[in-house]
Amino acid sequence: MVRMSSSSSCACSWTWVALLAYLFHHVHVVAEASSSSLSSSSDSEPFHHNTKNNSSGNNGSAVDADGGGGPHHQHRRRALLATSGSQHAHVGYFLRDFSAENPVRAPAATGSNPPAWLAGVSHYRVLPAVFPGGMKYHFDGLATALKLTMAEDNANAVEFVSKTYASDAAKDFARCLFFGTGFGPTLGTQICFTNPGVNLLPIEGQMWLTIDTSSWGRVDPATLETVAGAKVDVGSLVLNAHPACDRRTNECFVQHPCPRSTSPLSDQVCFSLLIPQHDAPNANMATRELARVSLSESEIIQHSHSPCITENWVVSKVDSFEIRNPLLNANGGLLRFLNQREGGVWLAMNRRTNATRVLRSKEKFVENHIWNCYESVDGDVLAEAVATTSSYLDTYFERSLDANIDWSLIFRPALRCVLPLSDEGDDEVSCKHMLKGGQGEDMVWDYPTFNPVYKMRDYQWVFAIAVGDKNTSRWFDKAVKIDRHAGSVAQSWSEPGIYLTEFDFVPRGQEVGDELDGALLTILYNSTSDESSFAVFCPRKMEPLALYPMKSVVPFHAHGVSCLVDGTCFTNP
């Protein structure tokens, strides 16, 4: 049971299907260039479990979540996409089908006290929510957009609706040659590249579903209907799930490889500007290359999940892949052949001149999220990162989720890194642990969020989901409020049997003032009742203010964004 506060004073996740062409046409190039880096790691045999069914009746147009039936799956190929009702060792919101194609109204639970100013606010999430053909890798689930709108009557109810993105895989999976992060290849007659199921980008009235490939998708922010044919016009198969956006200048930047030939192996990396198109019938996203630089060595599928931005700089941590021996692991998809490589290369592009510097840190890691960069008084850039190991992506296989997770093999302590951009002669990035001493220093946490009004500014508070006990927790089961200035956890929240998704901060206003003046929105999963609830938390007290039982299970997912009543939307991060 979730207990609510009476006060009213007041989220990898990758699908590399677009790189199928790389592997099919250029695997000999990668193998020849990197045969010496074959991995010797092996994976245990997978457990054999089926996924739970999450379908129930809902044939009305706006059904009460506590009334006659909840969301149901309305996919064209029911038999293909159906999941069984077997039990699992993993937490129950993994590998679960979900659909709410007809709007569902979820009244606030008894005792809820939502802030009245939230009325009319829209909150979006993107989910891996369809798992066809025996799919056993969670983030290969087909992308589904979820919209939750706070009711106009003092936010005393929320209406939610979802739409599966109309990719080729969603239209007819049986025809697909699908090669995902951890699933496939499947036998089919049509290559299915697009599955943008990681993040959302609201930009100039448009809503894009993003991923770390360039196969993004666009949906109508009002109806969630897929905008047919919309794509990003860029000469790269790789982009960022989290573009670096400056809301004040209305600019969003991406960092990506820019090989001179179609190859996954290249030393060429670029920064580009996103340019949304508004002239019908052009529904695409244009790009303009701003900077290009050569690395000291070629990288396999160079990528950067979450570059960040300051007033004068765009910063990117360079990550890439390395060859792993497919005979020594039980994986499917890309992760049978490749593994993320832990590195220490950084890029920084000057927004005024586009001149780009290559820097290095002694600490080598995989950057899971960099959320807010800002410039110090002397002109250096501070970037804080959730640091993971090369084993992180393997976590989302069903057999890994079923097992007792060894968190120390996946996450490293979060880092605070300083890029010495005030000194043109210094290219060494210095990193140290973000949290100081004690239990907090090696706490496992991810999906950081903050008050977006403080983007590119020095700020105090970070909110995240964490692992309550590294020895017994099956997944993220504690919410934390981190005091950056003190380097410690100021407050936390958890309840037995409750598992979490990203907490997203919605500010009450858009001016710098009280950093905690806002609300945190999230979706909780109750493993006892096997049910999800939309929740509003008070960032000041780190307690729930309102719960909206959804009478269904929303699968674990990565990120969300929010839009105010006046149309102002906040990117993530």
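Here is a short tour of a predicted model, stop by stop, with something to select at each one.

**Stop 1: three strands side by side**

Start by selecting strand E22, residues 428-433. Now add strand E18, residues 356-370: E18 and E22 pair in the parallel sense, over two bridges. To see one contact up close, pick Ser361, whose bridge partner in E22 is Val429.

Next, bring in strand E21, residues 415-419. Which way does E21 run against E22, parallel or antiparallel? Antiparallel, with four bridges joining the two strands. Click on Val418 and you'll find Ser430 of E22 standing opposite.

**Stop 2: the disulfides**

Time to colour the cysteines. The model has six disulfides, and we'll visit some of them. As a reminder, a disulfide is a covalent bond between the sulfur atoms of two cysteines.

Select Cys176 and Cys192 to begin with; their S to S distance is 1.9 Å. Cys176 belongs to strand E6 (residues 176-177), while Cys192 sits in the loop between strand E7 (190-191) and E8, 16 residues apart. The link of Cys176 and Cys192 is left-handed, with -75° about the S-S bond. Both Cys176 and Cys192 are buried.

Move on to Cys308 and Cys373, with sulfur atoms 1.8 Å apart. Cys308 is in strand E15 (residues 308-309) and Cys373 is in the loop between E18 and strand E19 (374-375), so this disulfide ties together parts that are 65 residues apart in sequence. You met E18 at the opening stop, paired with E22. The link of Cys308 and Cys373 is left-handed, at -75° about the S-S bond. Are these two cysteines buried or exposed? Cys308 has a relative accessibility of 5%, so it counts as buried, and Cys373, at 1%, counts as buried too.

Now pick Cys563 and Cys569, whose sulfur atoms lie 2.0 Å apart. Here the torsion about the S-S bond is about 110°, so the disulfide is right-handed. Cys563 is buried at 6% relative accessibility, whereas Cys569 is partly exposed, with a relative accessible area of 23%.

**Stop 3: a pocket**

Keep Cys569 selected and show the second largest pocket, which holds about 360 Å³ of space. Of the 20 residues lining this pocket, the closest to its centre are Pro202, Ile203, Glu204, Gly567 and Cys569. Several strands give two or more residues to the lining, among them E3 (122-128), E8 (199-203) and E12 (251-257). What mix of residues makes up the lining? Nine are nonpolar, seven polar and four charged.

**Stop 4: backbone oddities**

Let's finish on the backbone. Most residues other than glycine have a negative phi, and most peptide bonds are trans.

Zoom in on Gly184 and Pro185, joined by a cis peptide bond with omega about 5°. Pro185 is in the loop between E6 and E7. Then jump to Asn572 and Pro573, where another cis bond has omega about 0°; Pro573 lies in the segment after strand E33 (569-570).

For positive phi, select Asn154, at about 60°, in the loop between strand E4 (143-150) and strand E5 (157-164). Asn154 is partly exposed at 46% relative accessibility. Last, select Ile301, with phi near 50°. Ile301 is in strand E14 (residues 285-303) and, at 2% relative accessibility, counts as buried.

Methods:
Residues numbered from 1 in each chain as written. Predicted model: local features only at pLDDT ≥ 70, side-chain atom pairs only at ≥ 80, totals over all residues. Heavy atoms only, no water. Pairing = 2+ DSSP bridges. 1 Å grid on protein atoms, 1.4 Å probe; cavity = no way out; pocket = protein on both sides within 12 Å on 5 of 7 lines; lining within 4 Å. Points joined across faces, edges and corners; volume = space filled by probe spheres on them. Nonpolar A, V, L, I, M, F, W, Y, C, P; charged D, E, K, R; others polar. Disulfide = S-S within 2.5 Å. Buried < 20%, exposed > 50% of the residue type's maximum accessible area, 1.4 Å probe, protein only.
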